[in-house]
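Student: I should like a close look at the salt bridges of this model. Please treat their partners, their places in the chain and their exposure in one connected account.

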Amino acid sequence: TAIKDAIYGILTGDYVTNAAGVATASGSTTSGNLSLVPSTEYPGWKGHLRALVLTKATSDAAYEKWDAGLLLNSTAWSSRNLYTGYPGTNSNNPVRMIGSGGVICVNGSESGCAGASKGVKAVWPGTPPSPDSEIEGMVQWLAGSGRSWKLPPMFRSVPATVAGPPSISTGSHSAFETANAARTAMIYVASNEGILHAFDKENGAEHFGYVPPNLLAKIYALYKAGGQSADPTEYRWILASSPRVEDLYSDSPFDSDTTPTDHKWRTTLVQTMGPGDEHFVVLDVS
């Protein structure tokens with residue numbers, strides 16, 4: 001035990017645990033002048049996502065534009081927009097996990113939720129925990145209730161930037177480019193406790209988080225264990241992979257009909273799970 005404690009003491013620090021992503025600051029004449037650097041602080045397994053300005057003068061010490069971890073920590077857990085969802089549930093739209101006033105959307109019929117049978121239990125893989133208070137406690141914990149740090153550790157997830165659509169030399173794509181040219185630029189990145197985060201590129205604020213439904217049981221197990229162990233050898237992998245984004249021209253991915261009737265361009269995000277699971281999810285983030 002003494003040897004392990006000594007080793008863990010040496011490991012104390014904030015580590016860059018992913019390759020950096022890139023984005024461009026508004027008004028910048030230099031493309032890709034923002035470096036998006038995810039890191040994990042040990043002990044405590046605290047996640048950070050920093051936007052570093054690469055074109056600052058060397059005499060200017062303010063290279064850090066924002067840290068999403070610090071910003072999220074000042075946000076009330078009850079006001080976070082956390083979603084899950086599954087095709088066939090809530091007309092293929094995301095299902096809120098937290099409703100009005102911080103109520104947890106266990107069954108969906110709670111205030112500010114999607115409606116009866118459209119809550120977390122509706123998309124839970126297998127048999128959900130019982131009683132409902134178990135799910136309530138898990139979602140509150142996941143959102144940061146009672147915790148000293150809200151952004152989970154960031155491993156193996158390179159941030160992806162989604163701003164106005166890129167120019168593609170296909171005639172039908174030009175209208176999509178025009179319609180979405182001014183959309184809010186978002187940074188998508190995964191944290192290991194099962195959340196795909198969407199952060200505002202300009203200020204680092206979290207717009208929403210999406211929890212793949214296949215991970216709910218693993219998140220619940222981590223919640224019941226009291227979070228990650230201080231022992232790195234007992235670390236639990238849940239979501240540790242990079243989102244990939246592409247504009248695709250296709251029928252709606254959720255249509256059940258065999259005759260495509262609504263072919264159009266969509267900005268599509270694919271999130272694999274990494275070492276935590278074999279599934280993947282596909283989201284329309286247009």
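Tutor: In this predicted model, K4 counts as partly exposed, since its relative accessibility is 40%. K4 forms a salt bridge with D231, and the closest N and O atoms of the two are 3.1 Å apart. The pair links distant parts of the chain: K4 belongs to helix α1 (residues 2-10), whereas D231 sits in the loop between α6 (216-224) and β12 (243-250), 227 residues apart. D231 has a relative accessible area of 8% and is therefore buried, the cut-off for that class being under 20%. The bridge thus joins a partly exposed lysine, K4, to a buried aspartate, D231.

A second bridge connects two strands. R50 pairs with D67 in a salt bridge whose closest N and O atoms are 3.9 Å apart. Because R50 lies in strand β4 (residues 46-53) and D67 in strand β5 (residues 64-67), the pair ties together parts that are 17 residues apart in sequence. D67 counts as buried because its relative accessibility is 4%. R50 and D67 also belong to a wider set of contacts, for D14, R50, E64 and D67 are linked in a network of salt bridges.

A third bridge connects two helices. K121 and D132 form a salt bridge, with the closest N and O atoms 3.1 Å apart. K121 is in helix α3 (residues 120-123) and D132 is in helix α4 (residues 132-143), so that the pair links distant parts of the chain, 11 residues apart. Here each partner can be classed in turn: K121 is partly exposed because its relative accessibility is 29%, and D132 is partly exposed because its relative accessibility is 27%.

These three pairs are examples from a longer list, as a search of the whole structure finds 11 salt bridges. The general basis for such contacts is that side chains of opposite charge can pair when their charged atoms come close.

Charged residues also appear in the lining of a pocket. The second largest pocket encloses about 210 Å³ of space. Its lining consists of 14 residues, and those nearest the centre of the pocket are G44, W45, R147, E193 and Q228. Sorted by class, the lining of this second largest pocket comprises 6 nonpolar, 5 polar and 3 charged residues.

Key: Residues are numbered from 1 along each chain as its sequence is written. This is a predicted model: local features need pLDDT of at least 70, side-chain atom pairs count only at pLDDT 80 or more; totals for chains, interfaces and linings use all residues. Side-chain values use heavy atoms; hydrogens and water are left out. A salt bridge is a side-chain nitrogen of Lys or Arg within 4 Å of a carboxyl oxygen of Asp or Glu. Helices (H or I, at least four residues) and strands (E, at least two) are DSSP runs, numbered from the N terminus. Buried means under 20% relative accessible area, exposed over 50%, partly exposed in between (1.4 Å probe, protein chains only). On a 1 Å grid over the protein atoms alone, a cavity is a set of points where a 1.4 Å probe fits but cannot get out, and a pocket is an open set with protein on both sides within 12 Å along at least five of seven lines; lining residues have an atom within 4 Å of a point. Grid points are joined across faces, edges and corners, and a volume is the space filled by probe spheres set on the points. Ala, Val, Leu, Ile, Met, Phe, Trp, Tyr, Cys and Pro count as nonpolar, Asp, Glu, Lys and Arg as charged, and the others, Gly among them, as polar.
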